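Q: Can you walk me through this one? I have the sequence and the model open.

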2 protein chains.
Amino acid sequence: MSAAAATFAALGEPSRLRIVELLRTGPRAVGDIADALGLRQPQVSKHLRVLGEAGLVRVRPQARRRVYSLEQDAFDDLASWLDSFQRVWETRLDALGALLESGAADLPTDLPTDLPTDLPPSPPAQPGATSPTQET
Amino acid sequence: MSAAAATFAALGEPSRLRIVELLRTGPRAVGDIADALGLRQPQVSKHLRVLGEAGLVRVRPQARRRVYSLEQDAFDDLASWLDSFQRVWETRLDALGALLESGAADLPTDLPTDLPTDLPPSPPAQPGATSPTQET
DNA sequence: GTCACGTATTCCCGTCAAGGAATATGTCGG
DNA sequence: CCGACATATTCCTTGACGGGAATACGTGAC
């Protein structure tokens with residue numbers, strides 16, 4: 001599994017995502033995380049293990065406690081992965097614009113000129129609103 | 001499950017991530033995706049459904065085919081989610097800078113850029129690497 | 001050494017999701 | 001209407017994952 005997929009899989013678990021978002025406010029020990037999120041300590045340890053294997057957190061033993069913090073590099077990698085998508089839109093829109101300006105009204109039929117507009121009755125899902133997915 | 005978690009979960013499946021990365025090069029019909037990735041058509045349809053419910057792709061019926069393309073909004077949302085993490089580092093670095101300027105500043109400029117509770121400078125973290133536990 | 005504390009690991013179990021195969025739905029051409 | 005093509009859906013099985021409970025490990029205090 002690609003590293004990116006492992007990263008996404010780790011973040012795809014709600015409890016783990018909450019842990020990551022909590023650590024966004026600063027490093028925390030295992031017990032503190034469990035307390036803050038209302039989770040049990042063993043589950044938190046398990047989740048932290050997965051997050052660690054995905055390179056998302058690092059641990060620093062401090063006396064008897066183990067303080068976890070976010071691993072910046074992982075988020076940098078995520079950002080550059082995302083960047084490779086941002087450029088897609090720009091490139092495609094530029095290409096479309098150039099094509100239109102060049103007087104090419106005879107667009108090939110297989111040219112995807114379908115960026116904007118119509119959306120068939122399918123996924124209204126968007127972060128920030130609950131998806132119509134069958135959620136238990 | 002938060003919408004962000006659903007998005008990450010969708011991308012956390014290797015085949016789905018490959019589909020998304022393929023669609024980065026432009027819209028594709030289901031059969032073309034299956035052919036390009038060496039997957040079977042029903043599985044591709046299932047994955048596309050999940051991606052659609054996560055708001056990551058949209059579909060445009062075109063004759064007998066259904067052409068899928070990336071949904072830009074989902075990636076914008078991901079980017080802003082990531083930004084909220086980037087600011088963490090900046091904030092801390094700013095705080096560090098402010099601290100230096102505020103008078104305690106006779107420190108060398110090559111001060112290790114550590115977080116609130118000092119970090120040893122050694123981030124070999126690459127996605128797909130090892131656990132954070134100190135392998136002794 | 002012994003104990004208490006914090007954390008990691010193990011085992012068990014229920015659930016869920018992914019792949020395979022078969023089939024249903026939908027759409028176009030004749 | 002019918003057949004061919006493209007895609008979606010269903011059923012089934014199996015493996016992985018998450019939570020609960022109990023326990024092992026490591027470290028500091030006495």
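**Contacts to DNA and aromatic rings**

A: Start with H47(A): a polar side-chain atom of H47(A) lies 2.7 Å from a phosphate oxygen of DNA strand D. That is a polar contact, meaning a pair of N or O atoms within 3.5 Å; within protein, one must be able to donate a hydrogen and the other to accept it, and residues adjacent in sequence count only if both atoms are side-chain atoms.

Q: And what kind of model and numbering is this?
A: The model is predicted, so local features need pLDDT of at least 70 and side-chain atom pairs count only at pLDDT 80 or more, while totals for chains, interfaces and linings use all residues. Residues are numbered from 1 along each chain as its sequence is written, chains are lettered from A and ligands numbered from 1 in the order in which they are written, and side-chain values use heavy atoms, with hydrogens and water left out.

Q: Which atom of DNA strand D does Q41(B) reach with its side chain?
A: A base nitrogen, 2.6 Å from a polar side-chain atom of Q41(B). R66(B) goes to the backbone of the DNA instead: an N or O atom in its side chain is 3.0 Å from a phosphate oxygen of DNA strand D.

Q: Which elements give two or more residues to the surface near strand D?
A: From chain A, α2 (14-23) and α4; from chain B, α3 (30-37), α4 and β3 (65-70). Helices (H or I, at least four residues) and strands (E, at least two) are DSSP runs, numbered from the N terminus. The largest share, five residues, comes from α4(B).

Q: How many residues surround strand D?
A: 22, and the closest are R16(A), H47(A), Q41(B), S45(B) and Y68(B). A residue is near a strand if one of its heavy atoms lies within 4 Å of it. Sugar and phosphate account for 58% of the atoms of DNA strand D that come within 4 Å of the protein.

Q: What's the mix of classes there?
A: Six nonpolar, six polar and ten charged residues. Ala, Val, Leu, Ile, Met, Phe, Trp, Tyr, Cys and Pro count as nonpolar, Asp, Glu, Lys and Arg as charged, and the others, Gly among them, as polar.

Q: Now strand C. Which residues come nearest?
A: Q41(A), S45(A), Y68(A), R16(B) and K46(B), out of 23 residues around DNA strand C. Near this strand, six residues are nonpolar, seven polar and ten charged. Of the strand C atoms within 4 Å of the protein, 55% belong to sugar or phosphate and the rest to bases.

Q: What touches its phosphates?
A: S45(A) has a polar side-chain atom 2.4 Å from a phosphate oxygen of DNA strand C, and R16(B) has one at 2.7 Å from a phosphate oxygen of that strand. V30(A) uses a backbone N or O atom, 3.3 Å from a phosphate oxygen.

Q: And which elements are those from?
A: The elements that give two or more residues to the surface near DNA strand C are α3 (30-37), α4 (41-53) and β3 (65-70) of chain A, with α2 (14-23) and α4 (41-53) of chain B. The largest share, five residues, is from α4(A).

Q: Switching topic: how many aromatic pairs are there?
A: Seven over all chains. Rings of Phe, Tyr and Trp (its six-membered ring) pair if their centres lie within 6.5 Å; planes under 30 degrees apart count as stacked, over 60 as edge-to-face and the rest as tilted. F8(A) and F8(B) are a stacked pair, 5.9 Å centre to centre with 20 degrees between the planes. That pair crosses between chains, from helix α1 (residues 3-11) of chain A to helix α1 (residues 3-11) of chain B.

Q: Is F8(A) buried or exposed?
A: F8(A) counts as buried because its relative accessibility is 1%. Buried means under 20% relative accessible area, exposed over 50%, partly exposed in between (1.4 Å probe, protein chains only). F8(B) is also buried, at 1%.

Q: What about W81(A) and F85(A), how are their rings arranged?
A: Tilted, 4.5 Å centre to centre and 45 degrees between the planes. Both lie in helix α5 (residues 72-101) of chain A, four residues apart, about one turn of the helix.

Q: What does F85(A) touch in chain B?
A: V20(B), E21(B), R24(B), L70(B) and F75(B), not counting residues up to four places away in sequence. Contact means heavy atoms within 4.5 Å.

Q: Where does the charged end of R24(B) sit?
A: Over the ring of F85(A), 5.0 Å from its centre. A charge sits over a ring if NZ of Lys or CZ of Arg is within 6 Å of the ring centre and within 35 degrees of the ring normal. Likewise, R24(A) has its charged end over the ring of F85(B), 5.0 Å from the centre.
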